[in-house]
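Trainee: Could you pick out one part of this model and take me through it closely? Start with a single residue and its strand, then work outward from there.

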Amino acid sequence: MAHIHDLTALEQAAAVRTGELSPVQITEHYLERIERLDPGLGAFVTVTADRALAQAREQEARLAAGDAEDLPPLLGVPIPIKDLNFVKDVPVYFGSATYEGFVAPADDSVVERLRDAGTVMLGKTSTPEFGMPCYTETYLHEPTRTPWDTTRSAGGSSGGAGAAVAAGLAPAAQGSDGAGSIRIPASVCGLYGIKPSRGRISAAPIMPDLAGLSTNGPLARNVADAAALLDVMAHNNPGDLYHAPAPGLGSFSAYVGRDPGRLRIARFATPAVPGAEVHPDVLAAYESASALLESLGHEVEEIAPPFGPDVVPEFVKMWFSFSCMHPVAEGLEPKLRPLTAWLRERGHAISAPEFLQAQSTLQLATRFALLVTDAYDAVLSPTVTQPPVPVGWFEDVESPEETFERMMRFAPFAAIYNVSGQPAVNLPLHWTADNLPIGVMLAGRYGDEGTLISLSSQVEASVGGFWGDRRPPVW
């Protein structure tokens, strides 16, 4: 039998049902790998070993007492939770030293859904302060690194989730995405990640969904695991401001392996952010993906970017404002990282009318952008503009303002789909000559994750195994 961490999440679930593996065996395997390999990766900020083993034993008892057909779909499969999400009675730092000592008073509803599906929580994965940067470096622990080259960043803000899955410290993970925070780590860690449609996954009961920029979503090694996690995570609660339509086939997993037919796919590689330059390796990945899609029978057509540079200042105003959403106790501001303090200073200076005008401008831009993108079944672009960058690269400048400029130029493509609410995925299709992963992004029509999943599944099958069965050195 293969090592446990070689198995996909769905393969582990199947092995639990047949009795080939037990939830405790699987959990102990991953806890041992975390203890041995996470130093030097920084994927976890909190490991809940006792809680995970207790959950695994509960799942074993559930397995022994129940009919296999009535068991939840991911019984015994370990899925860590990002440290921006609440897990009752577990510390939550939001990536910030200002929240040391704070324990979550309740579960996020997406955490409840994952628990109801039978998953085991190994711990909380690392995230940058309040989830604002696109790299995961905090005052709480070591920087989070891509397992493909531990001198380089795992991205953010779901950097810990990406590093954990890529290193085989978890079969899949829950993440969240407000400006690319699932797709960026997926790109630099060589994973498949889904940012779902706005309103697909509730942020209840505590986190607001004000502008609909951020959503929870899955990171996984393959399409089938990500679709299965999305099936589990998708839900709404009373009070949600946004609701996405249900999948036409009844589940997202139903689209895995389904022939997507001949699709019209638009493509563009011009960033909206002024001064952003696309690295030659990223352009090579983009061109290779275009050729692959054409070889599968799809029509690929060049379009002008659906969002222009005029929307960037309005998005920045909203990003400044959202950096102020987490309250910081009086006297603890010196514990904030320089970038966070700089973002919050600017956020507090933005008036309510300015915020509303920015949101209004972005909605108007979205209306025009969708007139273009809705004419196609999918839209291809780079995910980020560069291969994985060295740890510390974003802050190797003289000021937080320059760090923020580097962030915008590194990830100008992903955030536009947080503005529009469209679903988008990262495909781990390309590796550089130095064996560094570079993803490409596909976005779809609002509410149509199904087409993206069927197309992703077709692409995955065409390259063989799990995207060519590549594994990082730590595997």
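Mentor: Val47 sits in strand β1, which covers residues 44-47. Strands and helices here are DSSP runs (E over at least two residues for strands, H or I over at least four for helices), numbered from the N terminus. Keep in mind that this is a predicted model: local features need pLDDT of at least 70, side-chain atom pairs count only at pLDDT 80 or more, and totals for chains, interfaces and linings use all residues. Residues are numbered from 1 along each chain as its sequence is written, and side-chain values use heavy atoms, with hydrogens and water left out.

Back to Val47: its relative accessibility is 41%, so it counts as partly exposed. The scale runs like this: buried is under 20% relative accessible area, exposed is over 50%, and partly exposed is in between, with a 1.4 Å probe and protein chains only. Leaving out residues up to four places away in sequence, Val47 touches Leu31, Ile34, Leu122 and Gly123; a contact means heavy atoms within 4.5 Å. One of those neighbours, Leu122, is 75 residues away along the chain, yet its C-alpha atom is separated from that of Val47 by 6.1 Å.

Gly123 takes us to strand β3, residues 123-125, which also holds Thr125. Thr125 is buried, with a relative accessible area of 0%. With residues up to four places away in sequence left out, its contacts include Phe44 and Val45, along with Ala43. It also touches Pro80, Ile81, Lys82 and Asp83, as well as Gly160 and Ala161.

Past β3, the loop that leads to α5 (159-166) contains Ser157. Gly156 and Ser157 are joined by a cis peptide bond, with omega about 5°. There's another one from Ala204 to Pro205, where omega is near 0°; Pro205 is in the loop between β5 (192-195) and β6 (215-220). For background, most residues other than glycine have a negative phi, and most peptide bonds are trans.

That brings up the backbone oddities in the loop between β2 (81-82) and α4 (109-116), where Asp89 is found. Asp89 isn't a glycine, but its phi is positive, about 70°. Phe94 is in the loop between β2 and α4 too, and its phi is about 55°, again positive without being a glycine. Their surroundings contrast: Asp89 is exposed, at 52% relative accessible area, whereas Phe94 is buried, at 3%.

At the end of that loop comes α4. Its buried residues are Ser109, Val110, Val111 and Leu114, and they pack against β2, β4 (172-177), β6 and α7 (223-233). After the helix comes Gly118, with a positive phi near 95°.

Further along the chain, have a look at β9, residues 378-382: 5 of its 5 residues are buried, so the strand is largely enclosed by the rest of the structure. It runs parallel to β7 (residues 264-267), joined by 3 bridges, and Arg267 stands opposite Leu380 in β9. β9 also pairs with β11 (residues 437-444), antiparallel this time, over 5 bridges; there Pro382 has Val440 as its bridge partner. (Pairing needs at least two DSSP bridges between the strands.)

Now zoom out. The chain has 14 helices and 11 strands. Its radius of gyration is 21 Å, close to the 23 Å from the globule rule for 475 residues, so it is as compact as a globular protein of that length. That radius is taken over C-alpha atoms, and the rule is 2.2 Å times the number of residues to the power 0.38. The C-alpha trace spans about 60 × 60 × 45 Å along its principal axes, and 61% of the 475 residues count as buried. Among contacts with a separation of 6 or more, 78% come from residues 24 or more positions apart.
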